[in-house]
Amino acid sequence: MGFFRFVGRHAKQQALHLAYATHIVAGARIVRRSYRRAFGRTCPKCRAGYLHPFSVPVDGQQQPFRGCDNCDYYEARDVRRDDDSLSRLREIAEERLQDMGGEEIALQTRRFRRLSRIWYALALLVAAGALALVMLQLFGLTFVFLLLFSINLAAQGMAASYRYWQLSHRTLFVRGAFRQWLRNGEWII
Ligand SMILES: [Zn+2]
C-alpha cells in the first residue's frame, strides 16, 4: 500500500469516525430529549423548560424539590402534600384560565367530557373482547392483554372525567380534590 493510499484511507476512516460521532451525538441528544419528555415534567410556568430534581437543606434536613431549567419556578417533590407549591400552581392555573376566557374554558371542558366518553367506550369494547374470550374458554395471553388494555383505557377515561370535574368546579391544584371527586362519584359524565 502506497503512502498516499494509506493517507487517503486514513483520512476516509477519520471522516467516517467523525460522521459516526455526529450520528452518535445526535442520537444521544434525541435519547436525552425523549427521556426528558418521558420522565421530566414540562415547567408549568414557562412551558419551555423541564423540571429537574434538587434538594435543599431545611432545618438540618434535606428537602427534595424540582426546579425549572429555564425560569425561576420550583415546587416540592411531593406537590400534593405541599401547600406552598399547590398555591403557586393554583395561581399559574388561574392566570392561564383567565387568559383563556369563558368560551375557551367551556370548549376545553366539553373536550374532556367527550374524551372521557370515548375512552370509556373503547374500554367497554375491549372488555367485551376479553369477555368473549372467557366465553370461548380461552384464557391465554390475549385475554390478559385485553383485560389490562381495557383497565388502562378506563383509567384514561377516569382521568379525563376528573379533568372535566376540575375545570367545571375550578378545583385545579386544590388539596384533596381527587378524593372529593372520588367521593362525589362523578366518574362517568
Ligand atoms: Zn420554567
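The following is a conversation between a trainee and a mentor about a predicted model of a single chain.

Trainee: How many helices and strands does the chain have?
Mentor: The chain of this predicted model contains 4 helices and 3 strands.

Trainee: And what pattern does the chain follow along the sequence?
Mentor: Read along the sequence, the pattern is α-β-β-β-α-α-α.

Trainee: Let us take the sheet. In what order do the strands lie, and is the pairing parallel or antiparallel?
Mentor: The order is β1-β2-β3 in an open sheet, and the pairing is antiparallel. At the edges stand β1 (51-58) and β3 (74-76); each has a single partner strand, so one side of each lacks a neighbour in the sheet. Ignoring direction, neighbouring strands of this sheet are turned against each other by 35° on average.

Trainee: How many bridges hold β1 and β2 together?
Mentor: There are 8 bridges between β1 and β2, the latter covering residues 61-68. Among the bridge partners, Leu 51 is matched with Cys 68 in β2, and Phe 54 with Phe 65 in β2.

Trainee: How many bridges join β2 to β3?
Mentor: β2 and β3 are joined by 3 bridges, and they too run antiparallel. Here Phe 65 appears again, standing opposite Ala 76 in β3. Phe 65 of β2 is therefore placed between Phe 54 on one side and Ala 76 on the other, as β1 and β3 are the edge strands.

Trainee: What about the connections? How many residues lie between β1 and β2 in their hairpin?
Mentor: That hairpin has 2 residues between the strands, and Asp 59 in the turn has a positive phi of about 50°. The hairpin that joins β2 to β3 does so through 5 residues.

Trainee: Where else is phi positive in a residue other than glycine?
Mentor: Phe 173 is one of these, with phi near 60°. Phe 173 lies in the loop between α3 and α4. Gln 137 is another non-glycine residue with a positive phi, of about 55°, and its place is in the loop between α2 and α3.

Trainee: Why do you point these out?
Mentor: Because most residues other than glycine have a negative phi.

Trainee: Is Gln 137 buried or exposed?
Mentor: Gln 137 counts as exposed, because it has 6 C-beta neighbours inside 10 Å. Phe 173, by contrast, is partly exposed, with 19 other C-beta atoms within 10 Å; a residue needs 20 or more to count as buried.

Trainee: Turning to the interior, which residues make up the largest nonpolar core?
Mentor: That core has 12 residues in all, including Phe 112, Trp 119, Tyr 120, Leu 153, Tyr 164 and Trp 165. Helices α2 (83-135) and α3 (141-169) each supply at least two residues of this core.

Trainee: What does Ala 130 of that core touch?
Mentor: Leaving aside neighbours within four places in sequence, Ala 130 is in contact with Phe 143, Leu 146, Leu 147 and Ser 150.

Trainee: And Ala 127, where is that placed?
Mentor: Ala 127 is in helix α2. With 17 C-beta neighbours inside 10 Å, Ala 127 counts as partly exposed. Its C-alpha atom is separated by 9.8 Å from that of Ala 154, which is 27 residues away along the chain.

Trainee: How much of the whole chain counts as buried?
Mentor: The buried share is 12% of the 189 residues. As for contacts between residues at least 6 apart in sequence, 45% join residues at least 24 apart.

Trainee: What does UniProt annotate for this chain?
Mentor: The unreviewed UniProt entry carries the annotation "transmembrane region" for residues 118-139 and 145-165.

Trainee: What does the model show over those stretches, helix or strand?
Mentor: Residues 118-139 are 82% helix and 0% strand, with the end C-alpha atoms 27 Å apart. Residues 145-165 are 100% helix and 0% strand, and their end C-alpha atoms are 30 Å apart.

Trainee: Last topic: how many residues of α4 are buried?
Mentor: The count is 0 among the 8 residues of α4 (residues 177-184), a helix that is hardly covered. After α4 comes Gly 185, whose phi is positive, near 70°.

How values were computed. Residues numbered from 1 in each chain as written. Predicted model: local features only at pLDDT ≥ 70, side-chain atom pairs only at ≥ 80, totals over all residues. Core = buried A, V, L, I, M, F, W, Y, C linked by C-beta atoms within 7 Å. Contact = placed C-beta atoms within 7 Å. Pairing = 2+ DSSP bridges. Axes fitted to C-alpha atoms, helices over the stretch in contact; angles between N-to-C directions. UniProt positions renumbered as here; feature names shortened; annotations may be inferred.
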